[in-house]
Amino acid sequence: MTKPKSETKPKSVTVPKPVIAPTPLIAPSEIEALLAADYVDIFALLGMHAIEVAAATKSGKSIKDAKAVNLVKRLVVRCFLPGAERVELIAAQDGRKVAELDKCHEAGIFAGLAGRRINPFEYRLRVHYPSCTEEVNDPYQYASLLSEEALYLFSEGRQEQAYRFMGANWREVDGICGVQFCVWAPNAKRVSLVHDAIDWDGRRHVMRQHPANGVWEIFIPQMKALTHYKYEIVTQAGERLLKADPFGRAMQGAPGNASIVPPQLEYAWQDKSWLAKRAKQTWHNQPVSIYEVHLGSWRRQGENGEQYLSYRQLIDQLIPYVVEMGYTHLQLMPLSEYPFDGSWGYQPVGLYAPTHRFGQPHELKAFVDACHQAGVGVILDWVAAHFPKDPHGLTRFDGSCLYEHQDPRQGEHPDWDTLIYNYGRGEVHSYLLSNAHYWLQEFHLDGLRLDAVSSMLYLDYSREPHEWLPNAHGGRENLDAIAFLQDLNSRLYQGFPGIMMIAEESTAWPGVTKRVDEGGLGFGFKWNMGWMNDSLSYIRRDPIYRSHHHNELTFSLMYCFTEQFILSLSHDEVVHGKGSLLHKIPGDDWQKFATLRAYLGFMWGHPGKKLLFMGADFAQRDEWDHQHSLDWHLLAFAPHQGMQRWVKDLNSLYRQSVALYGDDHHGEGFNWLDCDNASAGVLSFIRRSGDKQLIFIVNMTPEVYREFRIGLPQPGRYRERLNSDSHYYGGSDVGNQGMIQTQAQPYQGQAQSACISVPPLACLVLEQVQELDERRPCD
């Protein structure tokens, strides 16, 4: 019997393979974040990553098994390349194409699977633009290059060489040469490297964040030297800041002010013997005569003198002049990059970037090297007391007061409208410490002169009572700055034997040059600002009034051995309406030149090392102007020639005479013959070391003194080693015909004495003649 159709058993149905909607390789929200440059953990998105993707079951399963799927591991590559039309994934090992990435957004966002590969591999991206095709290494395929130990020391304030990983440093990773960029911005929401090769697009190179240290980094393979770059920083408030690199080693001039990737150049130093000799040097008992120079105005070139000399030209012109004049050291006014010429370098923005004005960093190295080969040390003026408010600089670097204090009573300098470093912050401590190390290590400098140390030491410096905050003990000492200076000096003297650390400190702060382990600041030398102020006040006076102010020349001997001093006549004394040294002195030209020669003779005889600003050595008439060359044409005239000869001979005497430097740092090297003859305006004293002695007689009046008795320590004959009134120097030739015979008449505490002629407004230097022993048998 045939069954009805309705009762017929249905046939088996073959169920088709289920279609599983794939998880998108890059989510719409991620695309939106990329386009807005609002993606912080960018390395978790871009580059190559292992993911799990869904795969359907095999066909032929019954419908009840349709939801059964497998999850398989695959590699996804995502990139953001604005302007690109196509992107191919290339295996770096063999150059074979692995896949073509899908274009996920017209702005240039691509993503794709790396075939069936499941293990990460090195790759390149073949990028097709409308006008060209290029292969690039994806910066987001590289792991962090930072050492946790280095970052820890940086945060602790104990990192001496932060510049070796902060800023822009060349690296080779997996055989690929590139530049690692690293910046400290702990409060930033996002930091991107922007540069001219990517049209300053902050979406392109968002950096990796290290939350524990506040450091951001990225390695850019195949980066080109001399690329201009900055950091685009998005603050927590959403503000976008463009900042130059605090650790950048080269910087563009204003108004661009971008940092520049330095070229890979190794300089072949030729000063090994100089450094070895320096390491054994104790400068306190050696001659130190410093020529302070502003490289931008020492001498200029061009039809109107508008062009700076380059380092190469300075090698040919400045160094021979320093050698000829007998200086032992050059002191260069600040060379860290500064936007405003009128700051003379004392408001630096690029603390690690040698200024572009005179040449490239390797040319500065060549200049220092040439100085060393000529026997001249090089000291750099270093500014760690403050920094300017230029928007591309350190001010509110990540939207917060990072390098400076937030409270203006601690963080702003009232005199210069600048900002004060937060010395108590470990990262700031490391930043400055590393910078000092950088200049000494990379440029072989022989010391640093720290500007405005007084402003660092006192919390109330130039402030009214309500404008400052006391320290934890209620005092006015800046304890963090003190700790920084002590650490700085201790580390640098240990790391660079034979250098000189010099403080410009204008108060009576005790122990500036005392050892740190004895409670001092640890400097090697301190500028003697008291001597400078008093003595300049004295020479400004008309000679008829000087007798009432005699102590302005003698008072310095009351304290001159309490510190290791440098007598400084610096640039600060010949600017801002103060006039040149020559201009300060009253009288006609004869009196001006004679007084200046006598004054410098007194300076060279006075205990302490010497520093003279350029131009004073030939009696520059006009005060210093940073926009113009020194007036070298004045050397066509006899008075200026004479002044130059006088300074040259003072330096020669100083370097040849151990009496002037052997015991320069303590009282055994000096004693007065007469410091009380105010009415005559004459000073006389002995400089000595061991059995070597020189006698100085300084007359600061226009009177000629005949039969003027002075005490002398030993019997015999004394010759005039120097007489500033000699016609050779432009004087009137009053003297003692070159030789003096002592008399057995005690005077001024000495067993012998002599009556001499003392020339007007002049300095005499006498030295005992070493008589030959007539009983010595003939050779």
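P255 is found in the loop that runs between strand 16 (240–243) and strand 17 (259–260), and in this predicted model the peptide bond leading from A254 into P255 is cis, with omega near 5°.

Two further loops hold residues whose backbone deserves attention. In the loop between strand 24 (377–382) and helix 6 (408–411) lies R396, whose phi is near 40°, a positive value in a residue other than glycine; R396 is partly exposed, with a relative accessible area of 36%. The loop between strand 30 (565–569) and helix 13 (581–584) contains H576, where phi is near 55°, again a positive value in a residue other than glycine. With a relative accessibility of 66%, H576 counts as exposed, because the cut-off for that class is over 50%.

From the loops the description turns to helix packing. The axes of helix 5 (residues 361–373) and helix 7 (residues 426–443) come within 10 Å and cross at roughly 70°, which makes helix 5 roughly perpendicular to helix 7. Helix 5 contributes P361, L364, K365 and V368 to the contact, while helix 7 contributes W439, E442 and F443. By character, the residues of this contact between helix 5 and helix 7 divide into 5 nonpolar and 2 charged, with no polar residue.

W439, one of the helix 7 residues in that contact, also leads to the aromatic side chains. The structure holds 49 aromatic pairs, and among them is the pair of Y438 and W439, which is edge-to-face, with 5.5 Å centre to centre and 70° between the planes. Y438 is buried, and W439 is buried as well. Another pair, formed by W531 and Y599, is stacked, with 5.9 Å centre to centre and 0° between the planes. Because W531 lies in helix 10 (residues 529–539) and Y599 in helix 14 (residues 589–605), this pair ties together parts that are 68 residues apart in sequence. Both W531 and Y599 are buried.

Aromatic rings also take part in arrangements with arginine. The charged end of R449 sits over the ring of W527, at 4.1 Å from the centre of that ring. In a second arrangement of this kind, the charged end of R645 sits over the ring of Y728, and here the separation from the ring centre is 4.8 Å.

Note on methods. Residues numbered from 1 in each chain as written. Predicted model: local features only at pLDDT ≥ 70, side-chain atom pairs only at ≥ 80, totals over all residues. Heavy atoms only, no water. Phe/Tyr/Trp six-rings, centres within 6.5 Å; stacked < 30°, edge-to-face > 60°. Buried < 20%, exposed > 50% of the residue type's maximum accessible area, 1.4 Å probe, protein only. Helix = DSSP H or I, 4+ residues; strand = E, 2+ residues; numbered from the N terminus. Lys NZ or Arg CZ within 6 Å of the ring centre and 35° of its normal. Axes fitted to C-alpha atoms, helices over the stretch in contact; angles between N-to-C directions. Parallel < 35°, antiparallel > 145°, perpendicular 65-115°, else oblique. Contact = heavy atoms within 4.5 Å. Nonpolar A, V, L, I, M, F, W, Y, C, P; charged D, E, K, R; others polar.
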